[in-house]
Amino acid sequence: YVKKCGRGYLLKRCILTAFVVLYVSYISLTKLAIDMFYCVDVYDGITLETVGHTSLYWADDTTVKCFEGKHRIVMYTVAVPLLVFAFFFPILLASILIYARRNGKLQSARVIETLGLFSRGFEEKYVFWDSIILLRKAAVATIVVFSYSLGGNLQGLIAVSVLMISLFVQATFCPFNKDFENLNQLESVSLLINSFTFLIGVVLNDPNMDSSAVKALLIFLVFVCNLGLTLLLFLLSFRAKIEQIRFNLLVYGIQCDRENAVYICCMYVLMTVW
């Protein structure tokens, strides 16, 4: 098979696979690296004189002292390289796409077959937008961990600030191209609901909030908003799948360009069974 397709094809498939794996695992790896720096104060005094003494211990395993011994080894061999990856991977991805755009190679077969997955949904001048989304997610994950000492309210407000800036940038530039035009509104709604969720968390965490009725109402609003967003995503995915099935049926000569979703599903089941 390699001889038939050529080494060039195999190389492009390997590059695509590598970038997809790194893209999918980006947030998990970033959060893993950040969690390794997540330390908490633990009382470790053993006498009456040292009963109030505290030291930093790793939050995931409070038997491990932070920045000493095993934790230092893991931090330098795993956490730091992962953080370097978290910072440079989006920049590398954006740099390659911008370089290809400047040289008029964005629509070349090599770029489309390797990195087209990350650029085809955006306007040509915003081919790097996926990298911005990755960095935004990494920023929110960093805030959740490194702002722990500031308290829940400040954590939430910083996260809301990042999300609102992202919402402003998204609404201003509308980076998705005309074929995916609805994704501009969907991304904006998603950022708005995320900001609202964090903001409600700040309100509920405030010590002055002592009304059970208001708390229940706010929790209900957050639940409704997130459920609505989930249902909207499901509906859009369902519509996209229906259009894919419709196209497949048209390829097989079944005229269904104006039929509804129920008809499309029935014809697809019948064709599959047949």
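Which residue's side chain meets that of Glu243 in a salt bridge? Hold that thought for a second, everyone, and thanks for coming. What you see above is a predicted model, so please take everything I say as read from that prediction.

Now the answer: Glu243 pairs with Arg246, and the N to O distance is 3.5 Å. Both residues sit in helix α9, three residues apart, about one turn of the helix. Here is the textbook reminder: an α-helix has 3.6 residues a turn, so residues three or four places apart point the same way. The two partners are not equally covered, though. Glu243 is partly exposed, at 46% relative accessibility, while Arg246 counts as buried because its value is 10%, under the 20% cut-off.

Let's stay with Arg246 for a moment, as it leads us to a cysteine. Cys256 lies in the loop between α9 and α10, the latter being residues 261-273. Is Cys256 buried or exposed? It is buried, with a relative accessibility of 0%. Leaving aside residues up to four places away in sequence, Cys256 touches Arg246, Leu249, Leu250, Tyr263 and Ile264. So Arg246 has two roles in my story: it is the salt-bridge partner of Glu243 and a contact of Cys256. For those of you who like distances, the C-alpha atoms of Cys256 and Met267 are 9.1 Å apart, with their positions 11 residues apart in sequence.

One more thing about α9, which runs over residues 212-251. Leu217 is part of that helix, and Leu217 also belongs to a nonpolar surface patch. Its fellow members are Phe220, Leu221, Phe223, Val224, Leu227 and Leu231, and together the patch has about 670 Å² of accessible area.

Back to salt bridges. How many does the structure hold? Four, and I'd like to show you two others besides the one I opened with.

Take Glu113 and Lys12, whose side chains meet at 2.9 Å, N to O. This pair links distant parts of the chain: Glu113 belongs to helix α5 (residues 109-119), Lys12 to helix α2 (residues 7-24), and they are 101 residues apart. Glu113 is partly exposed, with 27% relative accessible area, whereas Lys12 is buried at 19%.

Then there is Lys31 with Asp35, where the closest N and O atoms are 3.0 Å apart. These two are four residues apart in helix α3 (residues 26-35), so about one helical turn separates them. Lys31 is partly exposed at 45%, and Asp35 is buried at 16%.

Now let me walk you along helix α7, residues 152-173. It has 22 residues and reaches 32 Å from its first C-alpha to its last, close to the 32 Å expected at 1.5 Å a residue. Its buried residues are Gln155, Gly156, Ala159, Val160, Leu163, Ser166, Leu167 and Gln170. Why do they end up on the same side of α7? Because they cover an arc of only 130 degrees around the axis. On the other side of the helix, Ile165 and Phe168 are exposed. And what do the buried residues of α7 pack against? They pack against α6 (129-146) and α8 (182-205).

Val160 makes a nice close-up of that buried side. This α7 residue is buried, at 12% relative accessibility. Not counting residues up to four places away in sequence, Val160 touches Ser195, Phe198 and Leu199. The C-alpha atoms of Val160 and Leu192 are 9.4 Å apart, although their positions lie 32 residues apart along the chain.

Let me finish with some backbone angles. Right after α7 comes Cys174, in the loop between α7 and α8. Its phi is positive, about 45 degrees, although Cys174 is not a glycine. Cys174 is partly exposed, at 35% relative accessibility. Phe67 also has a positive phi, near 65 degrees, and is likewise a residue other than glycine. You'll find Phe67 in the loop between β2 (54-58) and α4 (69-102), partly exposed with a relative accessible area of 34%.

That's my tour. Thanks for listening, and do go and turn the model around yourselves!

Terms used
Residues numbered from 1 in each chain as written. Predicted model: local features only at pLDDT ≥ 70, side-chain atom pairs only at ≥ 80, totals over all residues. Heavy atoms only, no water. Expected span 1.5 Å × (residues − 1). Buried < 20%, exposed > 50% of the residue type's maximum accessible area, 1.4 Å probe, protein only. Arc of directions from axis to C-beta. Contact = heavy atoms within 4.5 Å. Patch = residues over 30% accessible without salt bridge, like charges linked within 9 Å, V, L, I, M, F, W, Y side chains within 5 Å. Areas by Shrake-Rupley, 256 points an atom, 1.4 Å probe, with all protein chains shown as cover.
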